[in-house]
Amino acid sequence: MPEPRRPYIAGNWKMHKTVSETWDFIGELRPAIEGVAGVDVGLCVPYTALTAAVAAADGSDLIVCAQNMHQEESGAYTGEVSASMLTDLHVRGVVLGHSERRQFFNESDRALAEKVPAALAAGLQPILCVGETDEERERDETQRKLRHQVQEALERVSDEQLPDVVIAYEPIWAIGTGKVATPDQAQEAIAFIRALVGDRSKDAAERVRIQYGGSVKPGNAAEILSQPDVDGALVGGASLDAGDLAQIVAAAAQ
């Protein structure tokens, strides 16, 4: 029997919180989750807050992640940061391909095919985001979209390294809209993503962690997280409140 997958709750702050707010938040979160065992907890913070987050998390198991990175090691890419710049700050993970990056900043599957292996090579754990729009779901194209995104982004990742990638299924129609995928919808899509990984490696499919993202809150977290293939959550708005995030972490530990 493979080891059970350890749930992973990652809070994505997006463009929120200053350095001082980061210190305050982590100071509040740490005691709130201290007694919770068996769950990985990550915070995906803006570049400017990374150093503060790492310092405030010191001595805890909190995983500090960036929200993006460039695939090249260095170069004339104004406004970008590389994987080594993140590891130099003791950042441990990075969100890649978030739907907002795809929608507003033209992030492409082709770029992600380079970013994911670059993150792994640097020792960062990528959280690869995939998901369909409302229109694609209406046209029954969810699986086609997920197949394209997952296969292309993981194309240059070896079978051995597939379990080191965290995949976040975030239906775009459920992000910040208040709409939430039903537990059955989340399970169906995430089971399909796991099967896509299984087409490459059955072992990797058993071990890879797949989160759900899209309007996860304390009130709906337990039901979503109880699904057999859902291994945690990428939490947006609710992760800006330490008490709310702590409740979601507790739900993952059930």
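**Exercise 1. Determine whether Trp-13 and Phe-25 are buried or exposed in this predicted model, and describe how their rings are arranged.**

Solution. Begin with accessibility: Trp-13 and Phe-25 are both buried. Next, consider the rings. The two form an edge-to-face aromatic pair, with 4.9 Å from centre to centre and 80 degrees between the planes. The class follows because planes over 60 degrees apart count as edge-to-face. Then locate the partners: Trp-13 belongs to the loop between strand 1 (8-12) and helix 1 (19-33), while Phe-25 belongs to helix 1, 12 residues apart. Finally, examine the face of Trp-13, over which Lys-17 lies at 5.5 Å from the ring centre.

**Exercise 2. Classify the aromatic pair of Tyr-169 and Tyr-212, and state where each residue lies.**

Solution. The centres of the Tyr-169 and Tyr-212 rings are 6.3 Å apart and their planes meet at 55 degrees, a tilted arrangement. Tyr-169 is in strand 6 (residues 166-169) and Tyr-212 in strand 7 (residues 209-213), so the pair links parts of the chain 43 residues apart. Tyr-169 counts as buried because its relative accessibility is 0%. Tyr-212 is likewise buried, its relative accessible area being 0%. By the rule applied here, the count of aromatic pairs is two.

**Exercise 3. Identify which residues have the most contacts inside the largest nonpolar core.**

Solution. The largest nonpolar core has 73 residues, and within it Ile-9 and Tyr-212 have the most contacts. Leaving aside residues up to four places away in sequence, Ile-9 touches a set including Val-39, Asp-40, Leu-225, Leu-245 and Ile-248. Another core, of 11 residues, lies apart from the largest one; Cys-44, Ile-63, Cys-129 and Leu-234 are among its members.

**Exercise 4. Explain what the salt bridge between Asp-40 and Arg-209 joins, and set it beside other salt bridges.**

Solution. Side chains of opposite charge can pair when their charged atoms come close. In the bridge between Asp-40 and Arg-209, the closest N and O atoms are 2.8 Å apart. Asp-40 lies in strand 2 (residues 40-44) and Arg-209 in strand 7, so the bridge ties together parts 169 residues apart in sequence. Asp-40 is buried at 17% relative accessibility, and Arg-209 is buried at 14%.

Turn next to Lys-14 and Glu-100, whose side chains meet in a salt bridge of 2.9 Å, N to O. Lys-14 is in the loop between strand 1 and helix 1, and Glu-100 is in helix 4 (residues 99-105), 86 residues apart. Glu-100 is partly exposed, at 24%.

Note on methods. Residues are numbered from 1 along each chain as its sequence is written. This is a predicted model: local features need pLDDT of at least 70, side-chain atom pairs count only at pLDDT 80 or more; totals for chains, interfaces and linings use all residues. Side-chain values use heavy atoms; hydrogens and water are left out. A nonpolar core is a set of buried Ala, Val, Leu, Ile, Met, Phe, Trp, Tyr and Cys residues joined through side-chain atoms within 4.5 Å. Buried means under 20% relative accessible area, exposed over 50%, partly exposed in between (1.4 Å probe, protein chains only). Contact means heavy atoms within 4.5 Å. Rings of Phe, Tyr and Trp (its six-membered ring) pair if their centres lie within 6.5 Å; planes under 30 degrees apart count as stacked, over 60 as edge-to-face and the rest as tilted. Helices (H or I, at least four residues) and strands (E, at least two) are DSSP runs, numbered from the N terminus. A charge sits over a ring if NZ of Lys or CZ of Arg is within 6 Å of the ring centre and within 35 degrees of the ring normal. A salt bridge is a side-chain nitrogen of Lys or Arg within 4 Å of a carboxyl oxygen of Asp or Glu.
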